[in-house]
Amino acid sequence: MGRNDLADELLASVKDRMSSGAIVYGSIGMGKSALARYLAGTVQDFAVPFLLHAGVGMADVPYGALTPWLSAASAADMESSVSVLRALVLYFRTQSAGRPVVVIVDDAHALDPDSSHLLAQLVTAGTVKLLAFARKVPGRSEELSSLSEDGLLSRFDLQSLSFEDVRKVCEVGLGGRISQGASAYFTGESEGNPLFLRSILDHAVRTEALVLSDETWILTAKPDGVDPGLSDLVVSVIRQLPDAQRDILGAVALAGELPVTDLSALGEEEDVRTLLESGLLLPLPSDNSLVACHPPLYGRIVRTLVPAARSAVLRERVMGVGRGLPPFGKGRIQHLRWALDCGATVDDPVLLDAAHVATDRSDPESGSRFAGAVRGVGSMPAAAVETARAQFLLGQPVLMETSVFSLMEAAKDPETLTAAAVLAARVAFAVHGSAKDVQAVARRLDQGLATRFDDPAGAMGSVEYARSEARLLSSFALNLAGRYVEAEQLLRPFLEAGISDPKLTVLACSFLGEALGGTGRGTEGRNLTARALAMISRAPYALAEFQSLTLTRHLSLLIHTGEFAEAEAVLRGHQDDEGDCLFYSAGTLSALEAILEVRRGRFHSAAPLLSTAIATLRLSDRDVVLPYVLAVASWAAAAMGEKARSRSLAGEFAGLSHTGASAFSLIGKAHVAAAMVLLEPTVEHLAHLADLAGTARESEMWACEKDVLEMSLLCGDERQVERLAQLTYSFEGIEAKILSEYAEAVLTKDPARMERAGDLAENSQKQTLSVDAAARALRLYAAGGDHAAQRGVLRALRRRTGMMERADGLLGGSADQVRDLTAREREIALLAVNGESNRAIADRLTVSARTVEGHLYRIYSKLGISRREELAAAFEAPSGTGSHSP
């Protein structure tokens, strides 16, 4: 997996008459040997392969690697390179029987110089073609490398497996789905190295950190330790290094990253150069003056191999006397761990700051350790809050609810009180899923700030700053309650006042963007959340704690305003860039990815994503999005005709429907009601949808109302279409424009306008609506007798229906029945739909009218209809979502 394109290029290099082959470079575990074996089998189709495994043990023996092919050479022959070359040519000619020869060398870096020289001569002479696989080891396989430089061999570098490749490898190896968070963890830990990936995966299963839940493999914790086999591999590599190089590698591993200039305290410049050339050390892409172990997993293993006493000596030699810690982004977290390991004294403010950043950067283990190292009595309340923040990320919120409120009471300063209150609000919401609990915490914070602290510092002193944070916490609670208008009234003046603090600005933009999206101003809202994300990217350490909060709001806005392509791009970018950070936010992000596919009408693609998200969220759901995902999954299952699963998911949702953000709860109820319409069309279910739209309108959750009205219309209820047209006319964004056009077309019964609405929906990937619009346009054209327009719309209808992915429950049962018709039956049926008489059809097909009548009888029987007038409806039914109206 992830190597197919490269394999094709390598095969092309030995097939091409103008090419002599290729040399492929890759570090240990990148799959060089597997690729060599695969090519040895594939090459047999057009040549005779000779597979050679060079070994380090024979690297100093002249012609040692070629020994298997020189059995006919005498002792005298071995004294002359010319004689050895002749013996080698004779061997290949004898064995190949005139067919082309392809020599495949695995571990070419271990070739002895004589063997490398002879192979280079054979390639240069055109006697053989060569595929060589090597590590980048200084001073090895230089002759083969020179062939690449001279253009005789093509050069390739094995690339790391992508996020998607890793996911596929894991699912094949485990025999089932894997959560997005686990995929992200394994991608980051292995850095896409196949050997490392297999070892890490096996170790996670053995230690039961990776468990199977609801048919999905979920990583419940980061595995302790490292796979013993992988550790042995690293030991074997390090054992070959001189003492000075081992010290350099150990110091870099313990520090995480070090300036190249600091390594002179541990060895000679040549030692550093050798480690860099071998790939064991690598300059950081973000700062070439710093080096780190490569791959990073080597660094983790090397750290465990350095004795404590030796570690302290190395730190003293590298850090010297009085030298401070590097800044965040240049190794501070690992440097601080190293300092604590060596018993160094670290100031409490430094520890508290690092604890906060480590937890925010998805390293709660380090955050907890740093907070636990605080010793000053005055710093203990703040340290307790940081410990609790780390535990919240690691553990079960329900266990923390009582203790976290006591942290608010113990706070000695406004900053600690505010931090404790924010954590208390998160814990309360995760446990109860109620906006009221968050509002209660916000009121409690306001009261504490008003009664417990003075503000001698002035306008933006510590108390005033804490009051600004309290205002933002209140706006967070208002948004959860769906009180978007009130949230806007609280936040807009706050932003317009020109606050300069980045933290307050990011939160205000995120919450105001969410509020605006909830009231139909999605474009302005997305611009604000995008601004917040841009600020976070420019200060990833100072603002790391807001990454997940802001990202999920930005994605939700994109998805619920129809900006599907942009939402997908943001999701993919986050998967590629965040790695370990995704481990703790994967449940919510998986849910949003699944919801994106459902809103596109890609129900089949969404099904495994929904199952994975639900399994993950059942174990950990700090954002309380599980109820909404269950409801969307129930609707998707009903759309695919999976009635039992739809009812089961709806039942689980019913037990949780009162929890979570009010908007998600209301839209979730609408999805379940719509699912019930598909399963059992009744007036009561449609009335329930209408009631939910009314609730959204009364609560001023107009974006929710828009979604509910759209679902009602798709389910065949046109009673509120005028309200949908009125609502979406004033909304921002492409989805609102599509819905406005769609609703106006329903109102005016204008087939051309309905067709335009369907085209707009298809272009924006709203397939469910595009299909319904085409079905409605088809009926309107049929009613007007415009058969030419009917044919064009019917073609669009078929194309869109095919893109709906197994939406049999939504498209109607006759989809399968139409497919059961023979080609001639479909031809006759379509001619009849277009208004042709039996005689006209007979003349067109050069058959008798009685034959046409016989075909039509069989068509009616297969489709379960009895009259010609019902034929058009049967062919429209694959898109007839409106047909579910009772």
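In the predicted model, Ile23 has Ala132 of strand β4 as its bridge partner, and this pair belongs to a parallel pairing of β1 with β4 that extends over five bridges. Strand β4, which covers residues 129–134, is mostly covered, six of its six residues being buried. Ala132 is also engaged with another strand, since Val105 stands opposite Ala132 in β4; here strand β3 (residues 101–106) pairs with β4, again in the parallel sense, over four bridges. Strands of a sheet pair through backbone hydrogen bonds, in either a parallel or an antiparallel manner.

The side chains of β4 are divided between two directions, with Lys129, Leu131 and Phe133 pointing one way and Leu130, Ala132 and Ala134 pointing the other way, and all of these residues are buried. Such a division is the regular pattern, because side chains in a regular strand alternate between the two faces of the sheet.

Strand β1 (residues 21–25) includes Tyr25, a residue whose relative accessible area is 7%, so that Tyr25 is classed as buried, the limit being under 20%. Although Tyr25 and Ala132 are 107 residues apart in sequence, their C-alpha atoms are 8.5 Å apart in space. When neighbours within four places in sequence are left aside, the contacts of Tyr25 are with Ala134, Arg135, Lys136 and Ser145, and further with Arg155, Phe156, Asp157 and Leu158.

A second arrangement of strands is an open sheet of three members in the order β9-β11-β10, in which the pairing is antiparallel. Its edge strands are β9 (258–259) and β10 (281–284), each of which pairs on one side only. Between β10 and strand β11 (residues 287–293), which run antiparallel, there are four bridges, and the two strands form a hairpin with two residues between them. Within this hairpin, Leu284 stands opposite Asp287 in β11, while Leu281 has Cys293 of β11 as its bridge partner. The loop between β11 and α12 (296–305) contains Pro295, and the peptide bond leading from His294 to Pro295 is cis, with an omega near -5°.

Helix packing is illustrated by α6 (residues 163–174) and α8 (residues 194–206), whose axes come within 11 Å and cross at roughly 50°. An angle of this value falls outside the ranges for roughly parallel (under 35 degrees) and roughly perpendicular (65 to 115 degrees), and the two helices are therefore oblique to each other. The crossing of α6 past α8 is right-handed. On the side of α6 the contact is made by Val166, Val169, Cys170 and Leu174, and on the side of α8 by Leu197, Leu201 and Val205. Classified by residue type, this contact of α6 with α8 has seven nonpolar residues, with no polar and no charged residues.

Two loop residues other than glycine have positive phi values. One of these is Ser362, with phi near 65°, placed in the loop between α15 (348–360) and α16 (364–372); with a relative accessible area of 5%, Ser362 is buried. The other is Val624, for which phi is near 55° and which lies in the loop between α28 (603–619) and α29 (626–639). Val624 likewise counts as buried, because its relative accessibility is 7%.

At the level of the whole protein chain, the model contains 44 helices and eleven strands. The C-alpha trace spans about 95 × 95 × 45 Å along its principal axes, and 55% of the 886 residues count as buried. Among the contacts between residues at least 6 apart in sequence, 68% join residues that are at least 24 apart.

Notes
Residues are numbered from 1 along each chain as its sequence is written. This is a predicted model: local features need pLDDT of at least 70, side-chain atom pairs count only at pLDDT 80 or more; totals for chains, interfaces and linings use all residues. Side-chain values use heavy atoms; hydrogens and water are left out. Axes are lines fitted to C-alpha atoms, for helices over the stretch in contact, and angles run from 0 to 180 degrees between N-to-C directions. Angles under 35 degrees count as roughly parallel, over 145 as roughly antiparallel, 65 to 115 as roughly perpendicular and the rest as oblique. A crossing is left-handed if the near helix is turned anticlockwise from the far one by less than a right angle, and right-handed if clockwise. Contact means heavy atoms within 4.5 Å. Ala, Val, Leu, Ile, Met, Phe, Trp, Tyr, Cys and Pro count as nonpolar, Asp, Glu, Lys and Arg as charged, and the others, Gly among them, as polar. Two strands pair if DSSP finds at least two bridges between them. Buried means under 20% relative accessible area, exposed over 50%, partly exposed in between (1.4 Å probe, protein chains only).
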